[in-house]
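I'm opening a notebook page on a structure that is new to me. My plan is to look things up one at a time and jot down what I find.

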Amino acid sequence: MKLNLAVLPGDGIGPEIVEQAMKAVKAVANKFKHELTYEYGLTGAIAIDEVGEPYPEKTHELCMNSDAVLFGAIGDPRFDNDPKAKVRPEQGLLLMRKKLGLYANIRPVETFESLLHKSPLRRELVEGADFVAIRELTGGIYFGEKGRKDGGNTAFDTCTYTREEIERILKLGYDFAMKRNKKLTVVDKANVLESSRLWREVAQEMAPNYPEVKTEYMFVDNAAMQIIQWPKNFDVMVTENMFGDILTDEASVITGSLGLLPSASVGIHTSVFEPIHGSYPQAAGKDIANPIATILSAAMMFEYAFNLPEEGKLIREAVAASMAEKYVTEDIAEGQAYKTSQVGDWIANYIEQN
Ligand SMILES: NC(=O)c1ccc[n+]([C@@H]2O[C@H](COP(=O)([O-])OP(=O)(O)OC[C@H]3O[C@@H](n4cnc5c(N)ncnc54)[C@H](O)[C@@H]3O)[C@@H](O)[C@H]2O)c1
Ligand SMILES: CC(C)[C@H](C(=O)O)[C@@H](O)C(=O)O
Ligand SMILES: [Mg+2]
């Protein structure tokens with residue numbers, strides 16, 4: 001099969017982790033005799049530095065012409081620490097999501113047997129935890145009207161959702177629930193926010209169409225607690241953009257490291273596979289960041305974008321084997337820690353040999 005990728009490494013640790021994921025992608029493509037082509041594109045701070053904007057049109061065209069996009073991370077302290085900067089790396093990520101129509105970000109939260117003791121939560125709480133957070137990705141407060149008034153001394157961001165936006169993400173949530181354990185938790189703040197009340201209204205209208213699915217409603221503050229108190233109670237969670245952003249970083253604690261959580265952003269034009277973490281600038285260039293979130297994102301790419309589950313499975317098997325062998329980076333190591341590049345090589349080698 002022809003696999004045509006756009007590869008956007010971005011900033012900070014982005015290039016290092018994407019390089020490891022590409023090793024796995026190449027190994028698996030080679031093994032299953034796929035015709036792999038790929039082209040690199042600029043995004044984030046590096047794109048601002050080189051061409052003055054964080055998601056250049058050229059990068060957009062590259063993505064539009066690809067079967068799938070592999071994305072690293074964007075962001076740079078130069079911008080994080082300058083609230084007055086008008087052009088920012090994150091705008092590139094948001095523009096990419098909007099222009100590619102990536103309205104759903106699928107963030108699986110799974111534990112690894114050999115890492116259960118690395119979670120700060122007790123083993124019996126996290127063992128067997130396995131849920132999918134579905135985060136709405138092109139609406140809400142991220143994309144609503146924002147600005148300053150009162151001579152710059154009052155600032156506002158607006159959370160807006162249309163019925164159509166809520167319906168399509170909930171539908172995706174129900175489709176996932178039907179294929180899993182038939183439980184959907186709709187997370188909102190309907191006791192305070194009008195936009196959340198529309199979410200709950202739409203969910204209540206849709207729920208009878210899925211009689212096999214148990215629909216549960218949960219306020220986001222309660223969800224923040226329940227995710228780490230009883231993670232096994234969740235199957236599929238659907239929520240709006242910012243709640244999903246925050247709750248999934250929190251959920252990574254269940255697994256033992258933020259460097260382990262992959263994601264798939266899907267929607268209208270193409271799909272993007274990206275770790276949920278950021279550019280971790282403190283680690284940039286040090287060859288210490290965990291590449292697993294990006295490698296597992298590549299596994300999701302084979303499964304979701306190419307419908308090639310065997311290829312995805314082999315990548316997952318290689319990842320699990322590296323952990324079982326304790327061939328891991330410092331964030332999840334006990335005793336000896338290995339470099340980002342060594343873990344990438346180990347996983348690619350496992351794919352070649354198995
Ligand atoms: N999708 C993205 O591109 C994305 C996501 C989040 C943050 N960001 C950007 O990244 C920059 C840094 O943000 P931040 O520090 O809040 O978040 P971050 O996710 O980059 O890092 C937070 C912490 O998580 C841990 N971590 C993250 N990735 C890891 C990895 N691969 N291996 C091991 N540990 C890892 C580290 O302890 C790190 O200090 C900012 O500019 C932010 O805007 C980008
Ligand atoms: C960098 C930022 C814009 C982004 C988000 O909030 O969506 C990040 O945190 C993520 O989770 O991908
Ligand atoms: Mg985030």
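**Entry 1: the aspartates.** I started with aspartate 245 and found it in helix α10. The model is a predicted one, so I'm reading every number here as computed from it. Is aspartate 245 buried or exposed? Neither, quite: I get 19 other C-beta atoms within 10 Å, and since buried takes 20 or more, aspartate 245 goes down as partly exposed.

Aspartate 249 is in helix α10 too. I count 15 other C-beta atoms within 10 Å of aspartate 249, so this residue is partly exposed. Setting aside neighbours within four places in sequence, I see aspartate 249 in contact with Leu258 and Ile276.

Why look at these two? Because I checked the UniProt record: an unreviewed entry there puts a "binding site" feature at Asp221, Asp245 and Asp249. Aspartate 221 sits in helix α9. With 13 other C-beta atoms within 10 Å, aspartate 221 is partly exposed.

**Entry 2: helix α9.** Since I was there, I went along α9, which covers residues 220–229. Which of its residues are buried? I noted Val220, Ala223 and Ile227. They span an arc of only 40 degrees around the axis, so they're on the same side of α9. Asn222, Met225 and Gln229 are exposed on the other side. What covers the buried residues of α9? My list includes β8 (183–188), β9 (214–219) and α10 (241–255).

**Entry 3: another "binding site" listing.** UniProt, again in an unreviewed entry, also lists Arg97, Arg107, Arg135 and Asp221 under "binding site". I checked how they're spread: over 125 residues of sequence, and in space up to 26.5 Å between C-alpha atoms.

I picked arginine 107 for a closer look. It lies in strand β4, residues 104–110. Arginine 107 counts as buried, because I find 25 C-beta neighbours inside 10 Å. Not counting residues up to four places away in sequence, arginine 107 touches Val132, Ala133, Arg135, Thr248, Leu261, Ser263 and Ile276. Arg135 is in the UniProt listing as well.

**Entry 4: the ligands.** What surrounds ligand 2? I wrote down Gly75, Glu90, Leu93, Asp245, Ile276 and Gly278. By class, that shell has two nonpolar, two polar and two charged residues. Asp245 is back from my opening entry, where UniProt had it under "binding site".

Ligand 1 has 23 residues around it, and Gly75, Gly259, His277, Gly278 and Asn290 come nearest. I sorted the shell of ligand 1 into 10 nonpolar, eight polar and five charged residues.

**Entry 5: the domains.** The domain assignment gives domain 1 as 1–102 + 262–354 and domain 2 as 120–255. Taken over C-alpha atoms, their centres are 25 Å apart. How many residues touch across the two? I have seven of domain 1 in contact with seven of domain 2. On the domain 1 side, helix α5 (residues 89–99) gives the largest share, three residues. That side has three nonpolar, two polar and two charged residues.

**Entry 6: the start of the chain.** Last, I looked at lysine 2, in strand β1 (residues 2–10). Lysine 2 is exposed, because I find just 9 other C-beta atoms within 10 Å. I also checked lysine 2 against alanine 29: they're 27 residues apart along the chain, and their C-alpha atoms are separated by 9.6 Å.

Notes:
Residues numbered from 1 in each chain as written. Chains lettered and ligands numbered in written order. Predicted model: local features only at pLDDT ≥ 70, side-chain atom pairs only at ≥ 80, totals over all residues. Near = placed C-beta within 6 Å. Nonpolar A, V, L, I, M, F, W, Y, C, P; charged D, E, K, R; others polar. Helix = DSSP H or I, 4+ residues; strand = E, 2+ residues; numbered from the N terminus. Buried ≥ 20, exposed ≤ 12 C-beta atoms within 10 Å, placed from the backbone. Arc of directions from axis to C-beta. Domains from an automatic or database assignment.
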